[in-house]
Amino acid sequence: QVQLVESGGGLVQAGGSLRLSCAASGRTFSSYNMGWFRQAPGKEREFVAAISWSSISTYYTDSVKGRFTISRDNAKNTVYLQMNSLKSEDTAVYYCAATPSRGSPTLASLPRKYDYWGQGTQVTVSS
């Protein structure tokens, strides 16, 4: 079982940057694939990025490619989302999520594929 707590959200002007962190509990953190999702008001929860248990594979939704970077430090039980060149359409509550890798680096983009979720952190990008 993994417990997740996000931090690092806030208010930033368009073009600015934020780094989100997701602190995870549990000794089996390294066996989990991790993902970041976001949900804007009135919209469905949207996949943002994922990273495999080994950090060998990363996967991004097209709208954030080249701007966002997902990374993890298994020794620190932490996953990061570096967000650069932020746009107003990036405004959302951002959630980190975990799913057992089961020995596979395959990355999932569907929320239902993830077993554990953080409480979310608000990111607001002003124009």
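A salt bridge, for the views below, is a side-chain nitrogen of Lys or Arg within 4 Å of a carboxyl oxygen of Asp or Glu. The model shown is a predicted one.

**View 1. Aspartate 90 and arginine 67 meet through their side chains in a salt bridge.** The N to O distance here is 2.7 Å. This pair ties together distant parts of the chain, with aspartate 90 in the loop between S8 and S9 and arginine 67 in the loop between strand S6 (58-60) and S7, 23 residues apart. Arginine 67 has a relative accessible area of 10%, so it falls under the 20% limit and counts as buried. Aspartate 90 is buried too, at just 1%. Zoom out a little and there's a network: salt bridges with shared partners join Arg38, Glu46, Arg67 and Asp90.

**View 2. Arginine 38 also forms a salt bridge with aspartate 90.** Their side chains come to 2.9 Å, N to O. Here again distant parts of the chain are linked: arginine 38 sits in strand S4, aspartate 90 in the loop between S8 and S9, and 52 residues separate them. Arginine 38 is buried because its relative accessibility is 6%, under the 20% cut-off.

**View 3. Lysine 65 pairs up with aspartate 62 in another salt bridge.** The closest N and O atoms are 3.1 Å apart. How buried or exposed is lysine 65? Its relative accessible area is 47%, so it counts as partly exposed. Aspartate 62 comes in at 62% relative accessibility, which means it counts as exposed. In total, the model has four salt bridges.

**View 4. Strand S11 (residues 121-126) has side chains that alternate between two faces.** Thr121, Val123 and Val125 point to one face and are buried, while Gln122, Thr124 and Ser126 take the other face and are not. S11 pairs with strand S2 (residues 10-13) in the parallel sense, over four bridges, and glutamine 13 stands opposite serine 126. With strand S9 (residues 92-100), S11 pairs in the antiparallel sense over three bridges; there, alanine 92 stands opposite valine 123.

**View 5. Strand S1 (residues 4-7) shows alternating side chains as well.** Leu4 and Glu6 point to one face and are buried, and Val5 and Ser7 point to the other and are not. S1 runs antiparallel to S3, joined to it by four bridges. Looking for the partner of leucine 4 in S3? Which residue bridges to leucine 4 there? That's alanine 24.

**View 6. The largest nonpolar core has 29 residues.** Met34, Trp36, Leu81, Met83 and Tyr94 are the ones that touch the most other members. Strands S3 (18-24), S4 (32-39), S5 (46-51), S7 (68-73), S8 (78-83), S9 and S11 each put in at least two residues. Apart from this core lies another, made of seven residues, including Phe37, Ala97, Leu107 and Ala108.

**View 7. Threonine 99 belongs to strand S9.** Why does threonine 99 count as buried? Because its relative accessible area is 7%, which is under 20%. A polar atom of the threonine 99 side chain lies 2.8 Å from the backbone oxygen of lysine 113. Leaving aside residues up to four places away in sequence, threonine 99 touches Tyr32, Asn33, Lys113, Tyr114 and Asp115.

Methods: Residues numbered from 1 in each chain as written. Predicted model: local features only at pLDDT ≥ 70, side-chain atom pairs only at ≥ 80, totals over all residues. Heavy atoms only, no water. Buried < 20%, exposed > 50% of the residue type's maximum accessible area, 1.4 Å probe, protein only. Pairing = 2+ DSSP bridges. Core = buried A, V, L, I, M, F, W, Y, C linked by side-chain atoms within 4.5 Å. Polar contact = N/O pair within 3.5 Å; in protein donor to acceptor, adjacent residues only side chain to side chain. Contact = heavy atoms within 4.5 Å.
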